[in-house]
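Please open the model in your viewer, set the backbone to a cartoon, and keep side chains ready to be switched on a few at a time. The tour below moves from one selection to the next and says what is to be found at each.

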Amino acid sequence: MDLQQFRTFIQTLDTTEQKQEFANLIAVFFHNQKKQIEEEFFWELRSYSIYLLENVDYLHILHYQPYTFFSVKALDNYILEIMLDTGKVKYFNMQPYLDYPIFEPLKDINIFKKVYLDDLEGIEWDLGNGASLSKDTLVAKMY
């Protein structure tokens, strides 16, 4: 993709969800990309990404400071409270996921409250069906 293609592409983004998805892709690009790109393209891409993220807390990724989860706690309203190692608290709404068959047992609030962090900083429940969410999913949707 060259600079002109990039400018054309960003004009097609019109929803918050599209902008957040784009921001995720940019974050991964900055975090993992080892190739050299045109300096002008790099700075425009980075500037636009930051512009998109003004109200979304992904800037930590753009500055190579990924979240480290310290703990997770289930609240009564199907919200997960995620404590970061910095002491900052983030929230993740599980309600949209509860209608998926794998997560249906979590409609029982007592089961929902048995959430824990797995070895990769995702979240799990011991349901015997593999019900879990990855750290990437949590970071993309937490607020």
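Select methionine 83 and then valine 89, which is its bridge partner in E3; bear in mind throughout that this is a predicted model. Moving along the pairing, select isoleucine 79, which stands opposite asparagine 93 in E3. Both selections belong to the contact between strand E2, residues 79–84, and E3, two strands that run antiparallel and are joined by five bridges. Now show the turn: E2 and E3 form a hairpin with four residues between them, and glycine 87 in that turn has a positive phi of about 95 degrees.

Widen the selection to take in E1 as well, and an open sheet of three strands appears, in the order E1-E2-E3 and with antiparallel pairing. Its edge strands are E1 (69–74) and E3 (89–93), each of which pairs on one side only. If you look across the strands, the twist from one to the next averages 25 degrees.

Next, switch on the side chains of E3, where which residues point to the buried face? Lys90 and Phe92 point to one face and are buried, while Val89, Tyr91 and Asn93 point to the other and are not.

From there, go to the loop between E1 and E2, where tyrosine 78 is found. Tyrosine 78 has a positive phi of about 65 degrees although it is not a glycine, and it counts as buried because its relative accessibility is 16%, under the 20% cut-off. As background for this selection, most residues other than glycine have a negative phi. A second case is glutamate 121, a residue other than glycine whose phi is positive, near 70 degrees; look for glutamate 121 in the loop between strand E4 (116–117) and strand E5 (123–124).

Now colour the aromatic rings, among which the count comes to seven aromatic pairs. Select tyrosine 91 and tyrosine 143: their ring centres are 6.1 Å apart and their planes lie at 35 degrees, so the pair is tilted. This pair links distant parts of the chain, with tyrosine 91 in strand E3 and tyrosine 143 in the segment after helix H6 (135–141), 52 residues apart. Is tyrosine 91 buried or partly exposed? At 27% relative accessibility, tyrosine 91 counts as partly exposed.

Then select phenylalanine 112 and tryptophan 125, whose ring centres are 6.1 Å apart and whose planes are at 25 degrees, so that this pair is stacked. Phenylalanine 112 lies in helix H5 (residues 109–112) and tryptophan 125 in the loop between E5 and strand E6 (132–133), so the pair ties together parts that are 13 residues apart in sequence. Phenylalanine 112 counts as buried, at 0% relative accessibility, and tryptophan 125 is buried as well, with a relative accessible area of 3%.

Keep those two rings displayed and add Tyr78, Phe92, Tyr97, Tyr100 and Phe103, which together with Phe112 and Trp125 form one aromatic cluster. Tyr78, the residue with the positive phi of about 65 degrees, thus returns here as a member of that cluster.

For the last stop, select phenylalanine 69 and lysine 135: the lysine lies over the face of the phenylalanine ring, at 5.4 Å from the ring centre.

Technical notes:
Residues numbered from 1 in each chain as written. Predicted model: local features only at pLDDT ≥ 70, side-chain atom pairs only at ≥ 80, totals over all residues. Heavy atoms only, no water. Pairing = 2+ DSSP bridges. Axes fitted to C-alpha atoms, helices over the stretch in contact; angles between N-to-C directions. Buried < 20%, exposed > 50% of the residue type's maximum accessible area, 1.4 Å probe, protein only. Phe/Tyr/Trp six-rings, centres within 6.5 Å; stacked < 30°, edge-to-face > 60°. Lys NZ or Arg CZ within 6 Å of the ring centre and 35° of its normal.
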